[in-house]
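This report concerns one annotated residue and the sheet around it. The sequence and model are shown first.

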Amino acid sequence: MGYFRHGSIRIMDPITNGNYPKSMQILVGDRLPKFTESETQFVKRSMDLIGLNYHTATYADNLTSSSSSIDLLSYITDSHVNLTYEKNGIPIGQSVGPTLAGFTFIQKEFENSCFTKEKYNPPSIYITENGMGDVNSSFWPIDKALNDSLRIKYHSLHLFYLLIAIKDGLDVRGYHAWTFLDNFERSSGYTYQFGTLMWTINMALKTQLYGFKIFS
């Protein structure tokens, strides 16, 4: 469903139109909060800008009413979709590990951003988080660990296609790469690395990846 495929719609529809999307109202039913008329007028067109966080993408297939997974009422299952990283056995992008950000996916047409522009016409868009996580390389030989060529490709292509989208009229004011240095990911700990600066497990080494030198 639209509000699940573009997760920000759960927020964007209210602050643009003053209410949740119709599909969400139907699927969630009485569990969805209702806006009063004064609340609708208060939140409608109340945004100054839009910040988008994204790393990867998934395919979404409709779940039928016979699927047992939709019998449990939850915000996770309300969308009635099955999310997968493959279609007909072909991955959506190059695999770098079985996590949410585990597949590199270059949005050549920047579908999410263009969709946001066409549907909501925001004042401006900032890409507040975008990056690629790879497996922890702390125990690799240093030359191998520092060779983050895939991350260089990931950011370079994103910026290339983002420039095309900007030239086509998408009002993007900023792009923030995730992240400056390796961090503790809330669901993966230190097992995946997103930084252009690498830390070893014992924090004894802080060094620049090749990508840091290119983008700095």
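The sections below cover the model, the annotated residue and the surrounding elements.

## Basis of the model

The model is predicted: local features need pLDDT of at least 70, side-chain atom pairs count only at pLDDT 80 or more, and totals for chains, interfaces and linings use all residues. Residues are numbered from 1 along each chain as its sequence is written, and side-chain values use heavy atoms, with hydrogens and water left out.

## The annotated residue

An unreviewed UniProt entry carries the annotation "active site" for Glu-129; UniProt positions are given in the numbering used here, feature names are shortened, and annotations may be inferred rather than shown by experiment. Glu-129 lies in strand E8 (residues 125-130). Helices (H or I, at least four residues) and strands (E, at least two) are DSSP runs, numbered from the N terminus.

Glu-129 counts as buried because its relative accessibility is 18% (buried is under 20% relative accessible area, exposed over 50%, partly exposed in between; 1.4 Å probe, protein chains only). Beyond its neighbours within four places in sequence, Glu-129 contacts Leu-52, Asn-53, Tyr-54, His-55, His-176 and Trp-178 (contact means heavy atoms within 4.5 Å).

## The sheet and helix H7

Three strands, in the order E1-E8-E10, make an open sheet with parallel pairing (two strands pair if DSSP finds at least two bridges between them). Strands E1 (50-53) and E10 (172-177) are the edge strands, each pairing on one side only. On average, neighbouring strands of this sheet are turned by 15 degrees against each other, direction ignored.

Four bridges join E8 and E10 in the parallel sense. Ile-127 has Tyr-175 as its bridge partner in E10. Helix H7 (residues 149-167) lies across E8 and E10 and runs at about 175 degrees to E10. Axes are lines fitted to C-alpha atoms, for helices over the stretch in contact, and angles run from 0 to 180 degrees between N-to-C directions.
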